[in-house]
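Let's take a walk through this structure together, from its contacts and overall make-up to a couple of backbone details worth a look.

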Amino acid sequence: MPCELCEVVLADPIEETVDYLVVMCPRCEMPILIWNAHNVPMDKLDKMTISSGIERAGQQVYGSGMYDIESAPCVPGDHFHIHARPRQIALDIGNRGEMIK
Ligand SMILES: [Zn+2]
Ligand SMILES: [Zn+2]
């Protein structure tokens, strides 16, 4: 079965590294960081790298302080992924991006 997240990876990346890729999410049109490898357990993820990657994308797309990190899964698939979303939406749902620590 094709992996939807692997197909997302074909889009124009905002940032691309050996570990992850940042693109605009095809579902919610916000920047999404997708870890390249499948099925990586949470405790094996490089949270520092993920955090700085998605922060950079948020700043680039929305501007400094204008975004929050949204860790809820969005695209079906077994890659870890995380979004930056505009701050006013994040406040509405009460999510201040406390997930990645
Ligand atoms: Zn995949
Ligand atoms: Zn999304």
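## Contacts along the chain

In this predicted model, 57% of the contacts between residues at least 6 apart in sequence join residues at least 24 apart. Of the protein's 101 residues, 28% count as buried.

## Order of the elements

The protein has three helices and five strands. If you follow the chain from the N terminus, you will meet them in the order α-β-β-β-α-β-β-α.

## Strand β5 and its partners

A good place to pause is strand β5, which spans residues 81–86. Five of its six residues are buried, leaving the strand mostly covered.

Which strands pair with β5? One is β3 (residues 31–35), which runs antiparallel to β5 and is joined to it over three bridges. In this pairing, Leu 33 sits opposite Ile 82 of β5. Another is β4 (residues 67–70), also antiparallel to β5, here over four bridges. On that side, Asp 68 faces Arg 85 of β5.

## The nonpolar core

Now for the interior: the largest nonpolar core is made up of 18 residues. Those with the most contacts inside this core are Tyr 20, Val 22, Leu 33, Ile 34 and Ile 54. Two or more residues each come from α1 (4–8), β2 (20–24), β3, α2 (47–62), β4 and β5. The largest share belongs to β3, which supplies four residues.

Leu 33 is a handy landmark here, as it is among the residues with the most contacts inside the core and also stands opposite Ile 82 in β5.

## Two loop residues with positive phi

Finally, have a look at the backbone angles. Most residues other than glycine have a negative phi. Which phi does Glu 29 have? Glu 29 is not a glycine, yet its phi is positive, at about 55 degrees. This residue lies in the loop between β2 and β3. Glu 29 counts as exposed because just 9 other C-beta atoms lie within 10 Å, and the cut-off for exposed is 12 or fewer.

Asn 39 is another residue other than glycine with a positive phi, in this case near 55 degrees. You will find Asn 39 in the loop between β3 and α2. Is Asn 39 buried or exposed? Asn 39 has 10 C-beta neighbours inside 10 Å, so it counts as exposed.

Notes
Residues numbered from 1 in each chain as written. Chains lettered and ligands numbered in written order. Predicted model: local features only at pLDDT ≥ 70, side-chain atom pairs only at ≥ 80, totals over all residues. Buried ≥ 20, exposed ≤ 12 C-beta atoms within 10 Å, placed from the backbone. Contact = placed C-beta atoms within 7 Å. Pairing = 2+ DSSP bridges. Core = buried A, V, L, I, M, F, W, Y, C linked by C-beta atoms within 7 Å.
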